[in-house]
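This report describes a single protein chain, moving from its overall make-up to two helix contacts, a few loop and helix residues, and its cysteines.

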Amino acid sequence: MISIEEVAKINNLINSCDELVNGKFILSEYKIAKILKDIGESKEVYKLLAQCMQNFNFDREFSRAEISLPRKKFVMPEEPEKILPFVFCLLMEINNKKINLNSFLNEYYADEENVDPFTKFVNSTVKPFRDIIYNYFKEEENNEQEDNKQEQNTNNPPTQNNNQLEQEHKEEIDEEEIEIENFFNECENICKDILSELQYERKKDLVDDAKYVVETMITACEEKNFRTLSALIISFGAMSENLKSIRFLTRELKNILISFFG
């Protein structure tokens with residue numbers, strides 16, 4: 001069951017998407033950063049994204065989206081399970097200055113129709129991203145309500161002893177704490193292995209940026225900052241595709257994140 005707190009966080013994300021869709025280019029960078037912040041704060045949204053990120057390759061999908069003839073345009077994938085990770089990675093690239101939004105809009109969304117390129121961009125990317133998330137969690141909510149209704153129509157289970165319930169609750173909390181601790185330890189160890197491998201990477205022009213991100217991930221592990229770490233893991237996946245020596249370790253890092261939500 002999705003908690004009231006998570007519902008509020010999901011609503012924050014939907015509202016942030018609305019602000020970008022209904023807004024103007026001038027404040028777009030701030031609003032994109034707000035969307036990414038809201039994603040990082042919602043465990044349920046991040047769990048959904050992590051599932052969609054399995055076997056997803058942003059660089060490959062980006063190349064497919066670039067259409068040159070008869071004129072340059074950008075065509076989004078149609079499958080919802082691709083739209084979610086694609087838009088997330090695209091916004092990360094813009095937020096990290098890997099893609100210049102103004103140049104991107106002029107290259108792919110400016111044409112003779114005299115329609116605002118920014119409006120076309122948000123309507124084709126952020127709007128479907130928002131709608132998919134909204135519909136997904138709306139359906140989840142409806143399913144939970146139906147399950148609760150069915151449960152109320154069945155006989156109540158025997159009342160358990162209060163001490164027994166408290167003990168079971170304590171055990172669940174202990175197991176969760178151990179799982180979280182193991183998650184951060186595994187991520188930190190792989191990050192340290194990545195740093196070691198980067199010493200021998202031939203593409204020296206990409207190493208400094210990669211080292212900075214990995215060192216930031218290690219700091220996030222030490223501080224138990226799940227939001228920052230998870231966002232960096234997903235964004236680092238695209239960066240590492242050009243660094244052959246660390247591709248396997250980066251995939252292991254992403255698999256740990258996905259398994260954590262499993």
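Of the 262 residues in the chain, 39% are buried, and this holds for a model that is predicted. The accessible surface of the chain amounts to about 15800 Å², with carbon and sulfur atoms contributing 47% of that area. The secondary structure consists of 12 helices and 2 strands, and their order, read from the N terminus, is α-α-α-α-β-β-α-α-α-α-α-α-α-α. Among the contacts in the chain with a separation of 6 or more, 70% join residues that lie 24 or more positions apart.

**Helix contacts**

Two packed helices are described by the angle between their axes and the distance between the axes. The two pairs treated here are set out in those terms below.

| Helix pair | Axis distance | Crossing angle |
|---|---|---|
| α1 (residues 4–21) and α3 | within 8 Å | roughly 70° |
| α4 (residues 58–65) and α5 (residues 80–95) | within 10 Å | roughly 95° |

Because angles of 65 to 115 degrees count as roughly perpendicular, the crossing of α1 with α3 falls in that class. On the α1 side the contact involves Glu6, Ile10 and Leu13, which meet Lys43, Glu44 and Val45 of α3. Sorted by class, the residues of this contact comprise 3 nonpolar and 3 charged, with no polar residue.

The helices α4 and α5 are likewise roughly perpendicular to each other. Their contact draws on Phe58, Glu61, Phe62, Arg64 and Ala65 from α4, together with Lys82, Phe86, Cys89, Leu90 and Glu93 from α5. In the contact of α4 with α5 there are 6 nonpolar and 4 charged residues, and again no polar ones. One of the α5 residues in this contact is Cys89, which counts as buried because its relative accessibility is 8%.

**Loop residues with positive phi, and a position in α12**

Asn55 is placed in the loop between α3 (43–52) and α4, and its phi is near 65°, a positive value in a residue other than glycine. With a relative accessible area of 73%, Asn55 is exposed, since the exposed class begins over 50%.

Lys224, in the loop between α10 (204–222) and α11 (226–240), also has a positive phi although the residue is not glycine, the value being near 60°. The relative accessibility of Lys224 is 37%, so this residue counts as partly exposed.

Asn255 belongs to helix α12 (residues 247–261) and, at 37% relative accessibility, is likewise partly exposed. Its C-alpha atom is separated by 10.0 Å from that of Ile233, and the two residues are 22 residues apart along the chain.

**Cysteines**

How many disulfides does a search of the whole structure find? The search returns 0. For Cys191, the closest cysteine sulfur is that of Cys221, at 5.2 Å, which is too far for a bond, because a disulfide calls for a pair of cysteine sulfur atoms within 2.5 Å. Cys191 is nevertheless buried, its relative accessible area being 0%, a value under the 20% that bounds the buried class.

Definitions and conventions
Residues numbered from 1 in each chain as written. Predicted model: local features only at pLDDT ≥ 70, side-chain atom pairs only at ≥ 80, totals over all residues. Heavy atoms only, no water. Buried < 20%, exposed > 50% of the residue type's maximum accessible area, 1.4 Å probe, protein only. Axes fitted to C-alpha atoms, helices over the stretch in contact; angles between N-to-C directions. Helix = DSSP H or I, 4+ residues; strand = E, 2+ residues; numbered from the N terminus. Parallel < 35°, antiparallel > 145°, perpendicular 65-115°, else oblique. Contact = heavy atoms within 4.5 Å. Nonpolar A, V, L, I, M, F, W, Y, C, P; charged D, E, K, R; others polar. Areas by Shrake-Rupley, 256 points an atom, 1.4 Å probe, with all protein chains shown as cover.
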